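Here's a quick briefing to read alongside the model. Keep the viewer open and hop between the spots as they come up.

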Amino acid sequence: MAVGMDDAGPERLRRWRLVLGGDAADGTGQGLTGRDVAMDGALGALYGAGDRAAGLGASAPSVARWLGDIRRYFPSSVVQVMQRDAIDRLGLSALLLEPEMLEAVEADVHLVGTLLALNQAMPETTKETARAVVRKVVDELEARLATRTRAALTGALDRGARVSRPRHHDIDWNRTIAANLKHYLPEYGTVVPERLVGYGRASRSVRKEVILCVDQSGSMAPSVVYASVFGAVLASMRSIATRLVVFDTAVADLTDLLDDPVDVVFGTRLGGGTDINRALAYCQKQITRPADTVVVLISDLYEGGIRNEMLKRVAAMKASGVQFVALLALSDEGAPAYDREHAAALAALGVPAFACTPELFPEIMAAALEKRPLPVPDTA
């Protein structure tokens with residue numbers, strides 16, 4: 001690493017020293033002073049490079065001090081990464097069962113996923129603190145995603161409800177004029193509307209049904225959190241009847257909890273096997289109006305059930321008029337490891353399987369509701 005260090009400026013050398021850890025072979029020859037010493041200690045406690053390998057120890061007080069230190073020295077996005085690494089590398093999950101630990105951490109989607117995995121082991125004294133942490137994350141996600149989701153889906157539903165022979169008070173004059181500009185009569189200074197565009201009276205009633213079918217195996221934790229938030233947002237729209245189903249080898253219908261996404265999150269049970277066929281069989285029984293139904297399967301497609309039956313169910317739903325969407329993940333992290341054979345089999349049925357970010361999800365749902373081609377990301 002010594003190559004090029006002689007020409008590096010002081011700030012660059014300082015950064016390399018913090019990254020490399022001060023080992024004799026790091027090649028920087030850079031010392032640290034003041035705040036940088038404390039930052040180096042926080043990094044060394046976790047990543048243990050060279051002389052700075054202090055370690056976090058096994059005690060809650062030492063971890064609590066470290067959590068406070070990293071929040072003091074690093075931005076929130078870096079803190080979240082370091083917390084995640086501490087949980088993964090040093091096995092600190094058990095300490096999250098203590099209320100004082102939960103109060104010290106920076107809450108994010110991944111922390112919520114870890115808490116869900118620990119939910120069964122969580123003592124009563126910790127559960128209220130855990131709910132407060134999850135509440136904070138869910139409220140932030142809902143504030144970030146709800147407005148865009150409602151706007152995209154309301155627009156899709158309104159376009160779907162448009163009729164060509166509306167009653168007078170249902171006429172959409174802006175779209176009517178735009179559709180009839182070619183019939184403008186200059187001698188009269190007006191447009192003769194040969195085709196009226198408006199909204200049907202059904203616009204206030206339930207017009208579409210959405211079933212979110214979510215894999216709750218351990219690797220799908222962020223997807224479970226985002227699906228819970230989106231499920232609650234969709235359920236708040238009168239014109240969409242929303243059902244949320246989660247599954248591993250068993251199936252749980254959490255629709256009755258959709259008034260509060262935190263209840264939904266704690267209603268899930270991360271881990272265990274996967275039986276997509278059983279979950280789809282349950283969803284299939286809930287469909288009453290196939291042509292007006294969208295089924296969204298969120299899963300990495302590692303099927304532990306009957307593969308051929310799963311594919312037959314998807315084909316049968318599509319043949320009946322159901323819009324079927326397969327998402328490998330609903331998260332900010334791109335596509336996870338997934339069963340490529342099953343993804344290819346779904347694609348052969350006209351159901352492309354791809355990872356979806358939370359920002360893209362409203363557009364995916366709007367396209368599905370309008371029965372348009374899905375805006376599949378290029379990286380899928």
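Start in the loop between β8 and α12, where you'll find Leu 301. Its backbone is a bit unusual: Leu 301 has a positive phi of about 70° without being a glycine. Bear in mind that this is a predicted model, so take the angles below as computed from it.

**Positive phi angles**
- As background, most residues other than glycine have a negative phi.
- Leu 301 comes out at 1% relative accessibility, and because the cut-off for buried is under 20%, it counts as buried.
- Lys 371 is another non-glycine with a positive phi, of about 60°, and it sits in the segment after α14 (361-370).
- With a relative accessible area of 42%, Lys 371 is partly exposed, whereas Leu 301 is buried.
- Gly 321, just after α12, takes a positive phi of about 110°.

**Helix α12**
- Helix α12 covers residues 307-319, and at 1.5 Å a residue its 13 residues should span 18 Å; the end C-alpha atoms are 19 Å apart, so the two agree.
- Which residues of α12 are buried? They are Met 310, Leu 311, Val 314 and Met 317.
- Looking down the axis of α12, those buried residues fall within an arc of 125°, so they line one face of the helix.
- The general rule behind this kind of pattern is that an α-helix has 3.6 residues a turn, so residues three or four places apart point the same way.
- Over on the other side of α12, Lys 312 and Ala 319 are exposed.
- The cover over the buried residues of α12 includes α11 (276-286), β8, β9 and α13 (340-348).

**The sheet**
- There's an open sheet of 6 strands with mixed pairing, running in the order β7-β6-β5-β8-β9-β10.
- At the edges are β7 (251-253) and β10 (353-356), each of which pairs on one side only.
- From one strand to the next, the twist averages 25°.
- β8 (residues 293-298) and β9 (residues 323-330) pair in the parallel sense over 5 bridges.
- For specific bridge partners in β9, Val 296 goes with Val 325, and Leu 297 goes with Ala 326.
- Is β9 enclosed or open to the outside? 7 of its 8 residues are buried, so β9 is largely enclosed by the rest of the structure.

**Nonpolar cores**
- In soluble globular proteins, nonpolar side chains tend to be buried together.
- The largest nonpolar core here has 61 residues, and Leu 115, Val 296 and Phe 361 touch the most other members.
- Helix α7 (residues 124-161) gives the most to this core, with 10 residues.
- A second, separate core has 26 residues, among them Val 245, Leu 301, Phe 324 and Tyr 338.
- That brings back Leu 301, the buried loop residue from the start.
- What does Phe 361 contact, leaving aside its neighbours within four places in sequence? Its contacts are Leu 212, Phe 230, Val 296, Leu 327, Leu 330 and Cys 356.
- Val 296 therefore shows up in two roles: it touches Phe 361, and its bridge partner in β9 is Val 325.

Terms used: Residues are numbered from 1 along each chain as its sequence is written. This is a predicted model: local features need pLDDT of at least 70, side-chain atom pairs count only at pLDDT 80 or more; totals for chains, interfaces and linings use all residues. Side-chain values use heavy atoms; hydrogens and water are left out. Two strands pair if DSSP finds at least two bridges between them. Helices (H or I, at least four residues) and strands (E, at least two) are DSSP runs, numbered from the N terminus. Axes are lines fitted to C-alpha atoms, for helices over the stretch in contact, and angles run from 0 to 180 degrees between N-to-C directions. A nonpolar core is a set of buried Ala, Val, Leu, Ile, Met, Phe, Trp, Tyr and Cys residues joined through side-chain atoms within 4.5 Å. Buried means under 20% relative accessible area, exposed over 50%, partly exposed in between (1.4 Å probe, protein chains only). Contact means heavy atoms within 4.5 Å. The expected span of a helix is 1.5 Å times one less than its number of residues. The arc is that of the directions from the helix axis to the C-beta atoms.
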